[in-house]
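This report describes the fold of one protein chain for a reader who is new to structural analysis. Please keep the sequence and the three-dimensional view at hand while reading.

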Amino acid sequence: FFLFRLLFHSRHSKNLSYHTYFFVLCLLICKNYSIYILLYLAKAQGSTGPTGPTGPTGPASSAAAANYLSAYSIPAATGASGQSLVFDRNGLSAGNAISHSAGSGTFTVNQPGVYMAAFQGNFSPAGDTTLPYTITISLNVNGSMSQSGIASQKFNLSSDNQSLAFSAPFTVSSVPAAVSIQSLGGPFLYNTTGLTIYRLGDLS
């Protein structure tokens, strides 16, 4: 309605130029035909084209294969100072970086790298040993004690029973390497022990 009034006044007024008249006329035309313009633009969009070819397969994963071994011992056994704890059964394992013979106290690392050892076990005094006394359980790699893998317990009573555990990383640069759990102090009884060694990766 506003546009029609503007057009009417533009034809009867000398103040409005022919340019103004033309502009108003264009607005009227655009207003009346806008719906047809929109419909035309909507139809101008073509149908979806065919799916393109499948791209090339990406590179294979570089994740390292799992390497680990676990061993344990359930029946009670007697330990003495300076000896290795014996693990009479093997549990889960993967890869060939670590090996162990059931009934042995020595684990063999067959591949250089960074490793983690996780140990746990129950300990108590044995026999008529004079109390109190302390035992120390430690990770031993090629005859050397690992300072990050040590657990100690002082026994004050013959009825004492204590769970000891530790997790310790270690490196192996030359193979084969011998890994064991060594004891200091005793004698003592140990049972439900377990040791899991797994390879973390290559040496940097």
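Which residues form one aromatic cluster? The members are Phe119, Phe123, Phe166, Phe188 and Tyr190. Before this cluster is examined further, it should be said that the model is predicted.

## Overall composition

The chain contains 2 helices and 11 strands. Read from the N terminus, the order of elements is α-α-β-β-β-β-β-β-β-β-β-β-β. Of the 204 residues in the chain, 31% are buried. The exposed surface of the chain is about 13,000 Å², and carbon and sulfur atoms supply 57% of it. When contacts between residues at least 6 apart in sequence are considered, 69% of them join residues at least 24 apart.

## How the strands pair

Strand S6 has two antiparallel partners to consider here. With S9, S6 pairs over 11 bridges; within this pairing, Gly113 has Val172 in S9 as its bridge partner. With S11, S6 also pairs in the antiparallel sense, over 11 bridges, and Phe119 stands opposite Leu195 in S11.

An open sheet of 5 strands follows the order S4-S5-S10-S7-S8, and its pairing is antiparallel. At its edges are strand S4 (98-100) and S8, each of which pairs on one side only. From one strand to the next, the twist averages 20°. Inside this order, S7 and S10 run antiparallel and are joined by 6 bridges; Asn140 stands opposite Ser180 in S10. In a regular strand, the side chains alternate between the two faces of the sheet.

## The nonpolar core

The largest nonpolar core has 31 residues, and Phe123 and Phe170 touch the most other members. Two or more residues of this core come from each of the strands S1 (68-73), S5 (106-109), S6 (113-125), S7 (133-141), S8 (144-155), S9 (162-172), S10 (177-184) and S11 (188-201).

What is Phe123 in contact with, leaving aside its neighbours within four places in sequence? Its partners include Leu85, Ile135, Ile137, Phe155, Leu164, Phe188 and Tyr190. Among them are also Asp160, Asn161 and Gln162.

Ser70 lies in strand S1. Is Ser70 buried or exposed? Its relative accessible area is 15%, and because buried means under 20%, Ser70 counts as buried. With neighbours within four places in sequence left aside, Ser70 is in contact with Asn90, Gly91, Leu92, Leu195 and Thr196.

## Aromatic pairs

The count of aromatic pairs comes to 8. A pair of aromatic rings is described by the distance of the centres and the angle of the planes. Two of the pairs are set out below.

| Pair | Centre to centre | Angle between planes | Arrangement |
|---|---|---|---|
| Tyr115 and Phe170 | 5.6 Å | 15° | stacked |
| Phe119 and Phe123 | 6.4 Å | 50° | tilted |

The pair of Tyr115 and Phe170 links distant parts of the chain: Tyr115 is in strand S6 and Phe170 is in strand S9, 55 residues apart. Tyr115 is buried, with a relative accessible area of 0%, and Phe170 is buried at 7%. Why is the pair of Phe119 and Phe123 tilted? Stacked pairs have planes under 30 degrees apart and edge-to-face pairs over 60; the planes of Phe119 and Phe123 are at 50°, so this pair is tilted. Both Phe119 and Phe123 are buried.

## Backbone features

Most residues other than glycine have a negative phi, and most peptide bonds are trans. Several places in this chain depart from that pattern, as follows.

The peptide bond from Val175 to Pro176 is cis, with omega near 0°, and Pro176 lies in the loop between S9 and S10. Gly186 and Pro187 are also joined by a cis peptide bond, for which omega is about 10°. Pro187 belongs to the loop between S10 and S11.

Asn142, which is not a glycine, has a positive phi of about 50°. This residue is in the loop between S7 and S8, and at 45% relative accessibility Asn142 counts as partly exposed. Thr192 also has a positive phi, near 45°. Thr192 is found in strand S11, and with 40% relative accessibility Thr192 is partly exposed.

Notes:
Residues numbered from 1 in each chain as written. Predicted model: local features only at pLDDT ≥ 70, side-chain atom pairs only at ≥ 80, totals over all residues. Heavy atoms only, no water. Core = buried A, V, L, I, M, F, W, Y, C linked by side-chain atoms within 4.5 Å. Buried < 20%, exposed > 50% of the residue type's maximum accessible area, 1.4 Å probe, protein only. Helix = DSSP H or I, 4+ residues; strand = E, 2+ residues; numbered from the N terminus. Contact = heavy atoms within 4.5 Å. Pairing = 2+ DSSP bridges. Axes fitted to C-alpha atoms, helices over the stretch in contact; angles between N-to-C directions. Phe/Tyr/Trp six-rings, centres within 6.5 Å; stacked < 30°, edge-to-face > 60°. Areas by Shrake-Rupley, 256 points an atom, 1.4 Å probe, with all protein chains shown as cover.
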